[in-house]
Amino acid sequence: MVYILFVVGFVILVKGADIMVEGASSLAKRYNISDFIIGLTIVSIGTSMPELLVNIMAGIQGKSEIGVGNVLGSNIANILLVLGLSACVNSLPIKKNTLFIEIPFSLTATLLVGYLANVAIFSDHKNGLMLDLGEGIVLLFFFALFLGYIYNYAREKKDDIIEGSIVTQPVVKSIAFIVLGVLGLFFGGKWVVDGAIELSKMFGFSESFIGLTLVALGTSLPELVTSLVAVSKRKTQLAVGNVIGSNIFNLLWILGISSIINPIEFETVNNTDVLMIIISSSLLILSIIVGKRSVITRYEGVVFLLVYAGYIYHLFLRG
């Protein structure tokens, strides 16, 4: 039964986030909050709720390996799998601000998490490698800086950020959507973590392995679906922005909030996964600057997928 709930949990997680975002967006719109502010706050945070709830539940149950693996694995999957598949569907042109600001910011966030998690090596920290209250505050500070940048960019280029408009629902319906969404996120997150623990026991894999693979892929489904739909409609900027923004949210907001609620233990082997994010980000930058145009081609998309397959094979040998 727990394995059925593991699958159902993913469905409820994604749907719960979607319903909560719809209700909260409608409620905010009713009080004359602009579409682009709603998009930058409620919608962006809402699509990252599956990862956050999985991390919180894992931390509460003392299974931080699943939470850490979830975030690191999601970021690797976002770059190599999501962008790789998207590029195979249609070449992805990249804007200058994405190449020179957003991708480097994402890379910087990765380095920051790696440093903060390993700061115990350079101090008298007795509890091993971890992210706790102090590190969480630092991560949220940098997240606030990123939100400031996005806010200013959205204010100057409103049409590039939000397309279409948010439908206003009756207040009672909006509140009901929010409540149902939160309940879905809670139970979905719990079932996913419980299922991941049981799967790791059943197959003899580490909880970190399950977090880096199955859980990470499951919580990356919203980004994968959003990007593929956007690319099929030739809205490639939405696909790229969705991935890069999600990676920054995962590292700074999710790990920041999670480590403040409950300290996150960081295993030494996870440094390999941090290094993989750095390699993936560097590969992304190289794929853009090589050639006459700033674009991720179908050929480079195939390379991304092959690298991801190699990484999964490495995890299998490790895990």
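Is Leu-214 buried, partly exposed or exposed? To find out, select Leu-214 in the viewer; the model on display is a predicted one. Leu-214 sits in helix H9, which covers residues 207-219. Its relative accessibility is 39%, so Leu-214 counts as partly exposed, since that class lies between the 20% and 50% cut-offs. Next, add Gly-73 to the selection. Leu-214 and Gly-73 stand 141 residues apart in sequence, while their C-alpha atoms are 9.1 Å apart in space.

**First stop: a salt bridge at helix H9**

Remain with helix H9 and select Glu-207 together with Lys-63. These two residues form a salt bridge, in which the closest N and O atoms are 3.2 Å apart. Lys-63 belongs to the loop between H3 and H4 and Glu-207 to helix H9, so the pair ties together parts that are 144 residues apart in sequence. Which of the two classes, buried or partly exposed, applies to Glu-207? At 15% relative accessibility, Glu-207 counts as buried. Lys-63, with a relative accessible area of 23%, is partly exposed.

**Second stop: the other salt bridge**

How many salt bridges does the structure hold? There are 2. To view the other, select Arg-318 and Asp-273, whose side chains meet at 3.1 Å, N to O. This pair also links distant parts of the chain: Arg-318 is in helix H13 (residues 298-318) and Asp-273 in helix H12 (residues 270-289), 45 residues apart. Asp-273 has a relative accessibility of 0% and therefore counts as buried. Arg-318 is partly exposed, its relative accessible area being 28%.

**Third stop: along helix H12**

Keep helix H12 in view and select Leu-286, which is placed in that helix. Leu-286 has a relative accessible area of 48%, so the residue is partly exposed. Now add Ile-296 to the selection. The C-alpha atoms of Leu-286 and Ile-296 are separated by 9.5 Å, and the two residues are 10 apart along the chain.

**Fourth stop: the largest cavity**

Turn now to the interior spaces. The model has 2 cavities of 30 Å³ or more. The largest cavity holds about 80 Å³ of space. To display its lining, select Asn-55, Ile-56, Gly-59, Ser-64, Gly-67, Val-68, Ser-258, Ile-261, Asn-262, Pro-263 and Ile-264. Which helices each supply at least two residues of this lining? They are helix H3 (49-60), helix H4 (64-89) and helix H11 (236-261). Colouring the lining by residue class shows 5 nonpolar residues, 6 polar residues and no charged ones.

**Fifth stop: the second largest cavity**

Select Phe-105, Thr-108, Ala-109, Leu-112, Phe-142 and Leu-252, the residues that line the second largest cavity. About 30 Å³ of space lies within this cavity. Which helix gives the most to its lining? Helix H5 (residues 96-117) does, with 4 residues. By class, the lining of the second largest cavity comprises 5 nonpolar residues, 1 polar residue and no charged residues.

**Sixth stop: a residue in helix H10**

Select Ala-230, which is found in helix H10 (residues 221-232). Ala-230 has 4% relative accessibility, so this residue counts as buried. Add Val-240 to the selection. Ala-230 and Val-240 are 10 residues apart along the chain, with 9.4 Å between their C-alpha atoms.

**Last stop: a nonpolar surface patch**

Finally, switch to a surface view and select Val-171, Ile-175, Val-179, Leu-180, Leu-183, Phe-186 and Phe-187. Together these residues make a nonpolar surface patch of about 580 Å². One of them, Ile-175, is located in helix H8 (residues 171-203). Why is Ile-175 classed as partly exposed? The reason is its relative accessible area of 42%, because partly exposed covers values that are neither under 20% nor over 50%.

Terms used: Residues are numbered from 1 along each chain as its sequence is written. This is a predicted model: local features need pLDDT of at least 70, side-chain atom pairs count only at pLDDT 80 or more; totals for chains, interfaces and linings use all residues. Side-chain values use heavy atoms; hydrogens and water are left out. On a 1 Å grid over the protein atoms alone, a cavity is a set of points where a 1.4 Å probe fits but cannot get out, and a pocket is an open set with protein on both sides within 12 Å along at least five of seven lines; lining residues have an atom within 4 Å of a point. Grid points are joined across faces, edges and corners, and a volume is the space filled by probe spheres set on the points. Ala, Val, Leu, Ile, Met, Phe, Trp, Tyr, Cys and Pro count as nonpolar, Asp, Glu, Lys and Arg as charged, and the others, Gly among them, as polar. Patches are made of residues with over 30% relative accessible area and no salt bridge: like charges are joined within 9 Å, nonpolar side chains (Val, Leu, Ile, Met, Phe, Trp, Tyr) within 5 Å. Accessible areas come from the Shrake-Rupley method with a 1.4 Å probe; for residues, only the protein chains shown count as cover. A salt bridge is a side-chain nitrogen of Lys or Arg within 4 Å of a carboxyl oxygen of Asp or Glu. Buried means under 20% relative accessible area, exposed over 50%, partly exposed in between (1.4 Å probe, protein chains only).
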